[in-house]
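Some labels for a protein model are easier to trust once the reasoning behind them is spelled out. The questions below ask for that reasoning, beginning with confidence.

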Amino acid sequence: MAESDVAQDIPTSPTSLTSPDTLSKHSPPPSSWQRIYSIISYTPQRCRYDPAQPPRFSMPLNLLFGFAGAFTVANLYYNHPILNILADDFGVSHEK
């Protein structure tokens, strides 16, 4: 069996598991767990990794990650002045 034959046997979408092309006369129909797994783990073709066009880290993406990181760090630090108030509200004692 050639490698291209193997690649053609792999289902790429949830509906292809039950298509007549995928099921041969000798293979049993897919179990319900296989069908559920193929539906849950389905990835559209445009979202799959393509070695011919690897993802690029562009300037807009760089800015997005920069702002996301800044807001995450700010979220950690903005509550420091009110930690005592938060501790009282949640019933946390002040002992070490």
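Q: What does the model show for residues 4-9, where pLDDT stays under 50?
A: In this predicted model, residues 4-9 keep a pLDDT under 50 throughout, and the model has three contacts for them beyond four places in sequence. Where pLDDT is low, the predicted coordinates should not be read in detail.

Q: Which helices have the lowest and the highest confidence in the protein?
A: Helix H1, covering residues 3-9, is lowest with a mean of 48, whereas H3 is highest at 94. For the protein, the mean pLDDT is 79, and 73% of the residues reach 70 or more.

Q: What makes the pattern of this protein α-α-α-α?
A: The protein has four helices and zero strands, and reading along the sequence gives the pattern α-α-α-α.

Q: Why is the pair of Phe-57 and Phe-65 called stacked?
A: A search of the whole structure finds two aromatic pairs. In the pair of Phe-57 and Phe-65, the ring centres are 5.8 Å apart and the planes stand at 15 degrees; because rings pair when their centres lie within 6.5 Å and count as stacked when their planes are under 30 degrees apart, this pair is stacked.

Q: How do you know that Phe-67 and Phe-71 also form a stacked pair?
A: Their centres are 6.3 Å apart and their planes differ by 25 degrees, which is to be set against the limits of 6.5 Å for pairing and 30 degrees for stacking, so the pair counts as stacked. Phe-67 and Phe-71 are separated by about one helical turn because they are four residues apart in helix H3.

Q: Why is Phe-57 called exposed, while Phe-65 is called partly exposed?
A: Phe-57 has a relative accessible area of 55%, and exposed means over 50%, so Phe-57 is exposed. Phe-65 has 49%, which falls between the 20% limit for buried and the 50% limit for exposed, and therefore Phe-65 is partly exposed.

Q: Why does Met-59 count as exposed, and where does Met-59 lie?
A: Met-59 has 55% relative accessibility and therefore counts as exposed, the limit being over 50%. Met-59 lies in helix H3, which spans residues 59-77.

Q: Which residues make the nonpolar surface patch?
A: Met-59, Leu-63, Phe-67 and Phe-71 make a patch of about 480 Å², and both Phe-67 and Phe-71 are exposed.

How values were computed: Residues numbered from 1 in each chain as written. Predicted model: local features only at pLDDT ≥ 70, side-chain atom pairs only at ≥ 80, totals over all residues. Heavy atoms only, no water. Patch = residues over 30% accessible without salt bridge, like charges linked within 9 Å, V, L, I, M, F, W, Y side chains within 5 Å. Areas by Shrake-Rupley, 256 points an atom, 1.4 Å probe, with all protein chains shown as cover. Salt bridge = Lys/Arg side-chain N within 4 Å of Asp/Glu carboxyl O. Helix = DSSP H or I, 4+ residues; strand = E, 2+ residues; numbered from the N terminus. Buried < 20%, exposed > 50% of the residue type's maximum accessible area, 1.4 Å probe, protein only. Phe/Tyr/Trp six-rings, centres within 6.5 Å; stacked < 30°, edge-to-face > 60°. pLDDT = per-residue confidence, 0-100. Contact = heavy atoms within 4.5 Å.
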